[in-house]
Amino acid sequence: MSEKPHFEAYNAPAGGWGAAKATAKAMREQSVVVKGSQALLKMNHADGFKCPSCAWPNSEHEKKLEFCENGAKALAVEATRKRVTREFFARYSVAELMAQSDYWLEEQGRLTEPMRYDSSTDHYVPVSWQDAFQLIGAELSALASPNEAEFYTSGRTSNEAAFLYSVFAREFGTNNFPDCSNMCHESTSRGLPMSIGIGKGTVVLGDFEKAEAIFIIGQNPGTNSPRMMTQLVHARKRKAPIVAVNPMPERALIRFTEPQDVVEMATFSSTPISSEFVHIKIGGDVAFLKGMMKVMFARQDAGENVLDENFIQHHTNGFAALKADIEATQWEDILEVSGISEEQIRRCANIYIASNATIICYGMGVTQQQQGARVIQQIANLLLLRGNFGKPGAGICPVRGHSNVQGDRTMGIDELPTDAFLDRLQEVFGFNPPRAHGHHVVQSVKAMIDGTAKVFVSMGGNFIHAIPDTPLGYEAMSRLNLTVGIATKLNRGHVVHGRQALILPVIARSEIDMQATGPQFVTIEDSMSNVTASRGVMDPPSPDVRSEVEIICRMAMATLPGSVVPWESYIADYNLIRDRIADVYQAQFHDFNARIQQPGGFHLSTPPRERKWTTDSGRANFLVFEGVHENDAISDREMLRLSTVRSHDQYNTTIYSYSDRYRGVYDGRMVLFMNEADMHERNIAAQALVALETIANDDVFRRVEGLTVYPFEMPRGCVAGYFPELNALLPLDHKDEISATPAAKSIPVRVVA
Ligand SMILES: Nc1nc2c(c(=O)[nH]1)N[C@H]1C(S)=C(S)[C@@H](COP(=O)(O)OP(=O)(O)OC[C@H]3O[C@@H](n4cnc5c(=O)[nH]c(N)nc54)[C@H](O)[C@@H]3O)O[C@H]1N2
Ligand SMILES: Nc1nc2c(c(=O)[nH]1)N[C@H]1C(S)=C(S)[C@@H](COP(=O)(O)OP(=O)(O)OC[C@H]3O[C@@H](n4cnc5c(=O)[nH]c(N)nc54)[C@H](O)[C@@H]3O)O[C@H]1N2
Ligand SMILES: [Mo]
């Protein structure tokens with residue numbers, strides 16, 4: 001879209017009738033008002049399917065309607081009546097598709113049959129399923145080493161499919177599992193175990209009813225996990241304080257009208273959400289957290305009882321070192337780096353100290369930083385100081401993104417598998433899994449560039465527009481021998497492809513998955529470790545789409561003729577897959593097929609809930625973050641920190657519309673949110689067209705042009721714009737030190753008029 005965006009500040013509460021209207025509009029646009037509305041009644045219900053949007057759990061008491069505006073949009077675009085057919089591919093060459101926007105590609109509708117790239121005509125042409133699998137088998141078998149293949153996963157993939165995918169790639173011989181989690185909550189998965197023994201959240205939904213205070217750091221729930229707003233509204237109605245820490249004053253963090261609350265809707269009333277809005281500078285969270293801890297130590301030393309000393313003594317290590325570090329941290333540095341006043345930090349500390357049960361939620365504003373994993377460890381420190389683990393209403397709550405991203409990791413989508421897991425796989429299946437660690441996302445891109453990766457299989461997702469350094473990604477893809485996109489919708493990853501390429505269309509989660517033994521269900525694990533069943537209710541978009549499970553099994557059969565795994569049997573009956581999952585993960589998934597039939601499924605145990613610590617020391621660890629700087633020191637006077645965020649109308653790389661109503665942006669996404677004083681200083685007028693350039697010392701020139709400046713309440717020195725348009729500015733090596741998660745929320749840039 002070349003149109004210039006326009007801006008109109010949004011001052012109403014988030015949610016409410018605007019959300020209800022947007023739900024109806026999404027259904028109309030995809031011509032699925034009746035079908036979509038009927039399906040919505042089944043969304044997140046026991047006899048229905050799990051919302052394909054976010055990973056927030058369902059309420060424990062079943063509500064009549066268990067969906068939100070953005071879940072409805074996700075369903076509408078999945079249920080769309082529009083179709084991408086062989087005629088479509090005959091009409092447009094790949095070069096012509098390349099010239100279209102991501103929005104346009106997505107808008108063409110559901111993929112309907114397998115397609116193969118024909119380089120002689122630059123068109124995708126129909127291919128039989130059998131020939132497609134044969135091509136995959138031939139290319140994989142021809143590799144000099146299994147490690148020349150990369151098996152990507154996006155977090156919508158079910159437990160059953162993810163498990164088989166992990167078994168297939170490992171029987172083939174590699175642990176190369178780059179996945180969307182590597183760009184998302186990897187900092188949680190790698191950083192949190194060092195603190196509390198596990199890389200998952202420790203709260204359940206019921207804890208939100210008992211929490212006496214809730215902190216929300218670097219997360220935009222009104223857009224990205226709107227069903228969470230129900231918990232926040234309830235908490236505020238019973239007067240529990242909420243502290244939101246964010247460089248953007250996101251509307252839903254300020255005021256919200258619960259669309260499911262009949263009285264609020266009828267009376268146009270709303271609930272204020274944050275009792276404290278902490279307008280943090282990008283990368284200022286550690287300073288803020290350390291400031292709060294500083295207040296706590298000082299009050300404890302002054303004779304107050306603000307720490308849970310009993311808990312600290314019996315359950316933790318490293319207290320003295322943490323205390324020494326916090327005491328050595330200077331207020332001056334804390335205030336400068338966070339941009340928050342000492343007074344507000346003290347107020348937030350008071351809220352925390354007054355609460356006997358606190359939940360801290362966090363999202364991408366924390367994980368996608370250069371020290372993301374270590375910031376999370378400071379969040380854990382803060383919670384440990386008051387024993388906020390293993391008691392009702394308390395704990396840590398990393399809010400995951402994709403609806404099954406947590407389950408995919410549990411099922412073995414992990415480039416760093418443990419030996420214990422590999423031993424178990426070997427015992428259950430009888431093949432020797434590879435022991436060497438595999439590639440995460442950043443390593444896989446490097447392997448494509450240096451030619452050591454030759455085949456890329458993409459189980460869902462849109463790798464090319466999710467990763468950093470967009471032009472580098474394009475180059476990486478085009479060097480491959482074969483790219484395989486297993487997908488519901490056409491996206492950039494199918495248009496930027498290897499020498500040979502396949503697009504394989506799948507049945508979506510909301511659709512009936514009919515196999516030889518009858519309709520199959522799959523399972524997912526939500527952000528709070530609940531494992532639940534998902535049963536599709538709608539008809540698939542064409543008779544020629546296949547389930548992810550079937551595609552994986554047939555790829556395996558074509559690649560591994562001597563396989564010891566009974567692949568064919570799994571296609572017919574997913575219970576057999578769950579039996580194998582139960583065998584591999586005995587402790588957590590025993591009697592899987594029986595337990596999944598219970599209403600609400602089952603909860604995977606999280607040891608910190610019982611105050612058990614699966615760390616090396618057997619205790620929770622206080623970990624020190626020296627100093628207060630999350631970012632590289634850059635001495636460029638022009639430098640601003642850029643955060644790349646989601647609009648209200650997108651799902652990652654899928655753009656639903658060009659508006660972002662809560663932030664007041666309409667008809668465009670090439671927007672730069674900027675503080676007015678920073679604009680003045682640079683002589684930049686509102687609505688001016690500017691370019692951004694990355695400040696990096698790697699000799700690569702990164703620039704994005706055509707951004708319209710929007711004066712916005714950003715802290716000084718901080719700017720924001722949209723993912724994925726700005727990914728070209730994010731260097732591949734600008735990443736979290738521990739987990740390699742790209743630091744998409746903290747890119748050093750300069751504005752060029
Ligand atoms: N509708 C919809 N739902 C989604 C998605 C979607 O695209 N659309 N994506 C899904 C996925 S995969 C994920 S991971 C989640 C993402 O959900 P979120 O974690 O909410 O993701 P973002 O919108 O990228 O950014 C979150 C917030 O971080 C803030 N932020 C930026 N820098 C900083 C900082 O330095 N400190 C602090 N404290 N905050 C900062 C931004 O202002 C923004 O409000 O949502 C999931 N759900
Ligand atoms: N700059 C910047 N970059 C980021 C982020 C950021 O905040 N800023 N966020 C990062 C994060 S948190 C994430 S999770 C990644 C997201 O990275 P990905 O997960 O790779 O991207 P998505 O856009 O979610 O993938 C969308 C595609 O998935 C396919 N699809 C949808 N449903 C299904 C299904 O049921 N089955 C199959 N097989 N395919 C399906 C469709 O073809 C659709 O085009 O991006 C990361 N990149
Ligand atoms: Mo994510």
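## Ground rules

Helices and strands here are DSSP runs numbered from the N terminus, with helices being H or I runs of at least four residues and strands being E runs of at least two. The model is a predicted one, where local features need pLDDT of at least 70, side-chain atom pairs count only at pLDDT 80 or more, and totals for chains, interfaces and linings use all residues. Residues are numbered from 1 along each chain as its sequence is written, chains are lettered from A and ligands numbered from 1 in the order in which they are written, and side-chain values use heavy atoms, with hydrogens and water left out.

## Two backbone oddities

Let's start with the backbone. P724 sits in the loop between β32 (718-722) and β33 (747-752), and the peptide bond joining F723 to P724 is cis, with omega at about 5 degrees. Then there's N44, found in the loop between α2 (33-42) and α3 (69-79); it isn't a glycine, yet its phi is positive, at about 65 degrees. As background, most residues other than glycine have a negative phi, and most peptide bonds are trans.

## Ligand 1

Ligand 1 has 31 residues around it (near means a heavy atom within 4 Å). The closest are N246, E250, D285, R646 and N652. By class, this shell splits into 11 nonpolar, 16 polar and 4 charged residues, where Ala, Val, Leu, Ile, Met, Phe, Trp, Tyr, Cys and Pro count as nonpolar, Asp, Glu, Lys and Arg as charged, and the others, Gly among them, as polar. Domain 3 (186-403) and domain 4 (640-752) each put at least three residues into the shell, with domain bounds coming from an automatic or database domain assignment.

Now for the polar contacts (pairs of N or O atoms within 3.5 Å; within protein, one must be able to donate a hydrogen and the other to accept it, and residues adjacent in sequence count only if both atoms are side-chain atoms). An N or O atom in the N70 side chain is 3.2 Å from a nitrogen of ligand 1, and a backbone N or O atom of G218 is 3.3 Å from a nitrogen of the ligand. On the oxygen side, a polar backbone atom of G283 comes in at 2.8 Å from an oxygen atom of ligand 1. Taken alone, ligand 1 exposes 920 Å², and the protein buries 98% of that (accessible areas are Shrake-Rupley with a 1.4 Å probe; for residues, only the protein chains shown count as cover). The elements giving two or more residues to this shell are α11 (221-224), α20 (364-367), β25 (640-645) and β26 (650-651).

## Ligand 2

Over at ligand 2, 30 residues make up the surroundings, and Y152, S154, E548, T653 and N727 are the closest. The class split is 13 nonpolar, 12 polar and 5 charged.

Side chains of S154 and N727 both make contacts: an N or O atom of S154 is 2.7 Å from an oxygen of ligand 2, while a polar atom of N727 is 2.7 Å from a nitrogen of the ligand. K489 uses its backbone instead, with an N or O atom 2.9 Å from a ligand oxygen. On its own ligand 2 exposes 930 Å², of which the protein buries 96%. The elements that supply two or more residues to the shell are α25 and β17.

## The largest pocket

On a 1 Å grid over the protein atoms alone, a pocket is an open set of points with protein on both sides within 12 Å along at least five of seven lines, a cavity is a set where a 1.4 Å probe fits but cannot get out, and lining residues have an atom within 4 Å of a point. Grid points are joined across faces, edges and corners, and a volume is the space filled by probe spheres set on the points. The largest pocket comes to about 950 Å³.

Its lining has 31 residues, with K200, R409, T410, T418 and Y585 nearest the centre. Both domain 2 (110-184 + 418-597) and domain 3 (186-403) contribute to that lining, so the pocket lies between them. α31 (586-589) is among the elements with at least two lining residues, and gives the most, with 4.

## Cavities

There are 6 cavities of 30 Å³ or more. The second largest holds about 140 Å³ and is lined by 20 residues, with F456, S458, G485, G493 and H494 nearest its centre. β17 gives the most to this lining, with 5 residues. The lining has 10 nonpolar, 10 polar and no charged residues.
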